[in-house]
Amino acid sequence: MPGAKGAGAESAAAEIYDAIIVGAGFAGMYMLHRLRDDMGLSAHVFEAGSGVGGTWFWNRYPGARVDIESQEYSFSFSEELEKDWHWTERYSAQPEILKYANHVADRFDLRRDISFNTRVASAIYEEATGLWRITTEDGRIATARFCIMATGCLSAAKTPDIPGAGQFEGETYSTATWPTGGVDFKDKKVGIIGTGSSGIQTITTIAPEVGELVVFQRTPNFSVPAHNGPLKPEITRDWLNHREAYRKEQRESGVGILALQPREELTLDVPEQEREQEFEMRWAKGGFCLGAAFADLGIDPAANNELVSFVTEKIRGIVKDPETADRLTPKTYPIGAKRLCVDTGYFEVYNQDNVSLVDLTATPIETITSTGIRTSERDYDFDAIIFAIGFDAMTGALDRIDIRGRGGLRLHDKWSAGPLTYLGLMVSGFPNLFLVTGPGSPSVLSNMLVSIEQHVDWIADCIQNLGQRQLSTIEATPAAESEWVAHVNEVAAGTLYMQANSWYLGANVPGKPRVFMPYVGGVGVYREKCDEVAANDYEGFELARAPDA
Ligand code: FAD
Ligand code: N01
C-alpha cells in the first residue's frame, strides 16, 4: 500500500495522500508526474483498467487510430521523451499509441503510484477537515486534500439502448471495450450498429476479411480521407528541429492542430474556381484541414453548404451504387457540426459485394433477436454483432461516480440541467476538486494532448501556489461560474454546432440535457484566459485555509 505523507490530517482512512487522481489515461499520467516528480507531493492514481493509456487501453477495435497527426498528438512536456520516441505512421494506430503510453509510464516510473483494476465509486468532500474521501468499488478508502478527475471525456461507453439487447446468442462486441488479443471475423456474418468514427474505422478494417458485413446506419457521417502512410523521416526531422516553435504555435492556435492551416478568407468571397481548388487541395492532403479551408465554414450556413456539396460529390464519385451513395450522404446537419471522421477507404467498402447498408431511418431496428437483428423490414442473422454506439461524453464518467461537495451537494444534481463549471476546471461548491478537460473547456474540440497538458500544468501550478502561500483550499465562486457558463453558451450559439444532434450536445443519450458542453472559443484564447485568472490571484476563485490545515 503506498505511503502516507503530506496531508497531515487526522483521518480514520487507511490511505492518506496530498492528491488523488482518478484515471490513468494521458491526463492522469501527466498529472501524477507533475505532482509527484516536480512538486514532491504524495499522489496516487486509481484506474479502473488493468493498464495505463485510457482511451487507447480500452478502444482496441480493428482500425482504431488517431485523427490528428502522430507527432502533434503526443506529449510536449519532455524534450527527451519527444526526441527518443519515433512514430511510424502519419496517423498512428491504437497498438502504437498504447505502447507509447506504456513507454511514458516506464520512463517516469509511474506505475508504482497507480492502483489498477480499481474503480472509484465515490468522492465525498468532508467539510470538517477539508479533505476529499475517496471510496473504491472494492472497498478501499483514501483521503486527500486535492482530488483530480482525469476520468476522460470519452470513457463512459453507452450500453445498447435497443430492445432485445442481451438476447443475441452469437458473439457480441463493443468497440469501446474491445477484447485484448483481437477477434477473428474471417468468413463470418457480422452486423455492426453505428457509423461514427469508431464504426467507420471498424467497418473499413474488417470489410475485407468478413464473409458478410451489414452496416446499420441511423445517421450518415461526413468523412474525409486520412491518406495515412509511413511517417516520412523528413517530417520527423523537421518537427524535432522546430519543436519549440511548433509546440508554441499549437498552444496558441485555435484547436491545437498545426496541420489545419486555416485560411482567413470567407468562403463566398473567394471565386468559385479558387474555392474548388482549395477544397480539392485539402481533400488530397487529407485529414481535418478540409474543415479549415475558410474562416466561416463553422458559422455561415451558406458557406458550409459549399463544402457539403463538395463532399457530397466526392461520395457520389466513390460509391458506385447511386442509391447507396445517397444513403451515405448526410443531409440533416452542417458539415463539422458533428465531429468529422477521418478514414482510410470508408466509402469504398460499399463497392464490395460482401458489404451492405441498412438505413435505419427507413427501416428502424425493432429488436435484437437470439439470432440477429430484426428491422421493420426483415430479420438478419449474424455470427457476431458489433456495437459502435458511442459514449455518454464529457459528463458520463463523472456522473458514474457519486461525487458530493459542500453540504452533501451531489454533482449529479448540480448538473441536472447540464454541466456548470468555471473554466471547465472547477465547480462551485466542490472545493479542491479539479476536472481535466472538463465541460466548459476546449477539450474534445481540440487536440486533446495540447488541452490535457494545459490543464494539468494549470492545476499543478495552482496547487503549488496554494502551498507556497500556506493556503489549502480553492473554490470557484458561483458568480464566476455563472458568467463562464453564459460565455460558453454565447460563443457556441453563434456557431453551426447547435444544428446537429451530436454528443457535444448530449443528444446521443436519451434524457440528457441538450447543452453544448465544450468551449468553442479556441485553445489559445482559452489558455490566455486561464493564465490571466491565475495571474490575477485566481480571480473568480476563493482561496482559503482549510479548518485543520
Ligand atoms: P481517458 O484516456 O479516457 O482516460 C480516462 C481513464 O479514467 C480511463 O482509463 C478510465 O478507465 C478511467 N476511469 C474513468 N472513471 C473511473 C473511475 N470511476 N475509477 C477509476 N478509473 C476511472 N482525441 C484527440 O485529440 N485526437 C484523436 O485522434 C483522438 N482519437 C480518439 C479515438 C477514440 C477511439 C476515442 C474514444 C477517443 C479519441 N480521442 C482523440 C479522445 C481521447 O479520449 C483523448 O485524446 C485522450 O486520450 C483522453 O485522455 P484522458 O486521460 O483525458 O482520458
Ligand atoms: O461514437 P459516435 P464513436 N441505434 O457517438 C449510432 C472519438 N473517436 O465512438 O448519429 C442505432 O460518434 C449513432 O447514430 P446517431 C471522436 O471524437 C475518434 O464512433 O446517434 N444507432 C452513431 O452513428 C468521436 O466523435 C476516433 O443517429 C445508434 C454511432 O452509433 C467520438 O470518439 C475514433 C444507436 C455512434 O457514434 C465518438 O465516436 C473513434 C442506436 N440505439 C472515436 N445508438 C478517431 O478517428 C447510437 N447509434 C480518432
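# Exercises on a predicted model

The side chain of Arg545 comes within 3.2 Å of the backbone oxygen of Gln470. The structure used in these exercises is a predicted model.

## Exercise 1: Arg545

Place Arg545 in the chain and list the residues it is in contact with, leaving aside its neighbours within four places in sequence.

Solution.

Step 1. Begin with the secondary structure. Arg545 sits in the segment that follows β20 (541-544).

Step 2. Go through the contacts. Once the neighbours within four places in sequence are set aside, Arg545 is in contact with Gln470, Leu471, Ser472 and Thr473.

Step 3. Look at Gln470 in more detail. Its backbone oxygen is the atom that the Arg545 side chain reaches, at 3.2 Å. A polar contact is a pair of N or O atoms within 3.5 Å.

Step 4. Take another residue, Lys512. Lys512 and Arg545 are 33 residues apart along the chain, and their C-alpha atoms are separated by 37 Å.

## Exercise 2: The surroundings of ligand 1

Describe the residues around ligand 1 and find how much of its area the protein buries.

Solution.

Step 1. Count the shell. Ligand 1 is surrounded by 33 residues, and the closest are Glu47, Thr55, Asp67, Tyr73 and Val120.

Step 2. Sort the shell by class. It has 18 nonpolar, twelve polar and three charged residues.

Step 3. Assign residues to helices. At least two residues of the shell come from each of α1 (26-38), α2 (55-58) and α13 (448-468). The most come from α2, which gives three residues.

Step 4. Read the polar distances. A polar side-chain atom of Tyr73 is 2.6 Å from an oxygen atom of ligand 1. For Trp58, a polar side-chain atom lies 3.0 Å from an oxygen atom of the ligand. Met448 takes part through its backbone, with a polar atom 2.8 Å from an oxygen atom of ligand 1.

Step 5. Find the buried share. Ligand 1 exposes 980 Å² when taken alone, and the protein buries 95% of that.

## Exercise 3: The surroundings of ligand 2

Carry out the description for ligand 2, and state which helix gives the largest share of its shell.

Solution.

Step 1. Count the shell. There are 25 residues around ligand 2, of which Ser198, Arg218, Thr219, Lys338 and Arg339 come nearest.

Step 2. Sort by class. Ten residues of the shell are nonpolar, eight are polar and seven are charged.

Step 3. Name the helix. Helix α5 (residues 197-206) provides the largest share, three residues.

Step 4. Read the polar distances. An N or O atom in the side chain of Lys338 is 2.8 Å from an oxygen atom of ligand 2. Gln201 has a polar side-chain atom 3.0 Å from an oxygen atom of the ligand. At Asp161 the partner is a nitrogen atom of ligand 2, 2.9 Å from a polar side-chain atom.

Step 5. Find the covered share. On its own, ligand 2 has 910 Å² of accessible area, and the protein covers 89% of it.

## Exercise 4: Two domains

Give the bounds of domain 1 and domain 2 and describe the contact between them.

Solution.

Step 1. State the bounds. Domain 1 covers 15-52 + 110-156 + 393-537, and domain 2 covers 171-258 + 300-387.

Step 2. Count the residues in the contact. It takes 17 from domain 1 and 18 from domain 2.

Step 3. Give the buried area. The two domains bury about 1,300 Å² between them, with 57% of it on carbon and sulfur atoms.

Step 4. Give the separation. Taken over C-alpha atoms, the centres of domain 1 and domain 2 are 30 Å apart.

Terms used:
Residues numbered from 1 in each chain as written. Chains lettered and ligands numbered in written order. Predicted model: local features only at pLDDT ≥ 70, side-chain atom pairs only at ≥ 80, totals over all residues. Heavy atoms only, no water. Near = heavy atom within 4 Å. Polar contact = N/O pair within 3.5 Å; in protein donor to acceptor, adjacent residues only side chain to side chain. Areas by Shrake-Rupley, 256 points an atom, 1.4 Å probe, with all protein chains shown as cover. Nonpolar A, V, L, I, M, F, W, Y, C, P; charged D, E, K, R; others polar. Domains from an automatic or database assignment. Contact = heavy atoms within 4.5 Å. Buried area = accessible area lost by both parts, 1.4 Å probe.
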